[in-house]
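Ready for a few exercises? Have a look at the structure below, then try each task before you read its solution.

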Amino acid sequence: MPYDEQLAERVRPLMRRRKGFSEKKMFGGVGYLLSGNMCVGVWKEYLILRVGVDHYESALSDPHAREFDITGRAMRGWVMVEPAGVEAEADLLDWIDQAVTFVRTLPAK
């Protein structure tokens, strides 16, 4: 299944306006990077977010979030949000802001 291009079109302008933005095809989807660090992505119908290990459990407490696992091994600090969790623009922006806040703590690559 190709990635959800409509979701990618909703995410792109929210990420593009941020300093250090770049976009890259990856995982059979699309990734949005800040200063060379992966931040947000779209894979199949899921929004992928890098929230960091300190906010990982809290993010997973959302009923629409689950571990980011596309290989059989979950990546701690990353979550996948199902479509119902990002239907509202405010929810999409909130998830993206969580990822951006974490990624801004990382050194640029």
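**Exercise 1.** Find the residue in β2 that stands opposite Ser22, and work out how β1 and β2 pair.

*Solution.* Step 1: in this predicted model, the residue of β2 opposite Ser22 is Leu33. Step 2: β1 and β2 run antiparallel to each other, with 6 bridges between them. Step 3: look at the turn that joins the two strands. They make a hairpin with 2 residues between them, and Phe27 in that turn has a positive phi of about 55 degrees.

**Exercise 2.** Decide whether Leu33 is buried or exposed, then list what Leu33 touches beyond its sequence neighbours.

*Solution.* Step 1: place the residue; Leu33 belongs to strand β2. Step 2: compare its accessibility with the cut-off. A residue is called buried when its relative accessible area is under 20%, and Leu33 has 9%, so it counts as buried. Step 3: collect the contacts. Neighbours within four places in sequence aside, Leu33 meets Gly20, Phe21, Ser22, Lys24, Met38 and Cys39. Step 4: look further along the chain. Val103 is 70 residues away from Leu33 in sequence, yet their C-alpha atoms are separated by 8.9 Å.

**Exercise 3.** Follow the chain from β2 into β3 and on to β4, and describe how β3 pairs with β2 and with β4.

*Solution.* Step 1: start with β2 (residues 29–34) and β3, an antiparallel pair with 5 bridges. Leu34 has Asn37 of β3 as its bridge partner. Step 2: examine the turn. The β2–β3 hairpin leaves 2 residues between its strands, and Ser35 in the turn shows a positive phi of about 50 degrees. Step 3: move on to β4 (residues 46–50), which is also antiparallel to β3, over 4 bridges. Here Val42 faces Leu47 of β4. Step 4: check this second turn too. The hairpin of β3 and β4 has 2 residues between the strands, and Lys44 has a positive phi near 50 degrees.

**Exercise 4.** Explain why β3 can be called largely enclosed.

*Solution.* Step 1: locate the strand, which covers residues 37–43. Step 2: count its buried residues. The tally is 7 of 7, so β3 is largely enclosed by the rest of the structure. Step 3: set this against the whole chain, where 42% of the 109 residues count as buried.

**Exercise 5.** Find where Arg18 sits and which residues it touches.

*Solution.* Step 1: Arg18 lies in the loop that links α1 (5–16) to β1 (21–26). Step 2: its relative accessibility is 15%, so Arg18 counts as buried. Step 3: setting aside residues up to four places away in sequence, Arg18 touches Leu34, Leu93, Ile96, Asp97, Val100 and Arg104.

**Exercise 6.** Now step back: what pattern do the helices and strands follow along the sequence, and does the radius of gyration agree or disagree with that of a compact globule?

*Solution.* Step 1: count the elements; the chain has 3 helices and 6 strands. Step 2: put them in sequence order, which gives α-β-β-β-β-α-β-β-α. Step 3: compare the radius of gyration. A compact globule of 109 residues would have one near 13 Å, and this chain has 12 Å, so the two agree. Step 4: consider the contacts with a separation of 6 or more. Of these, 52% come from residues 24 or more positions apart.

Definitions and conventions. Residues numbered from 1 in each chain as written. Predicted model: local features only at pLDDT ≥ 70, side-chain atom pairs only at ≥ 80, totals over all residues. Heavy atoms only, no water. Rg over C-alpha atoms; globule rule 2.2 N^0.38 Å. Buried < 20%, exposed > 50% of the residue type's maximum accessible area, 1.4 Å probe, protein only. Contact = heavy atoms within 4.5 Å. Pairing = 2+ DSSP bridges.
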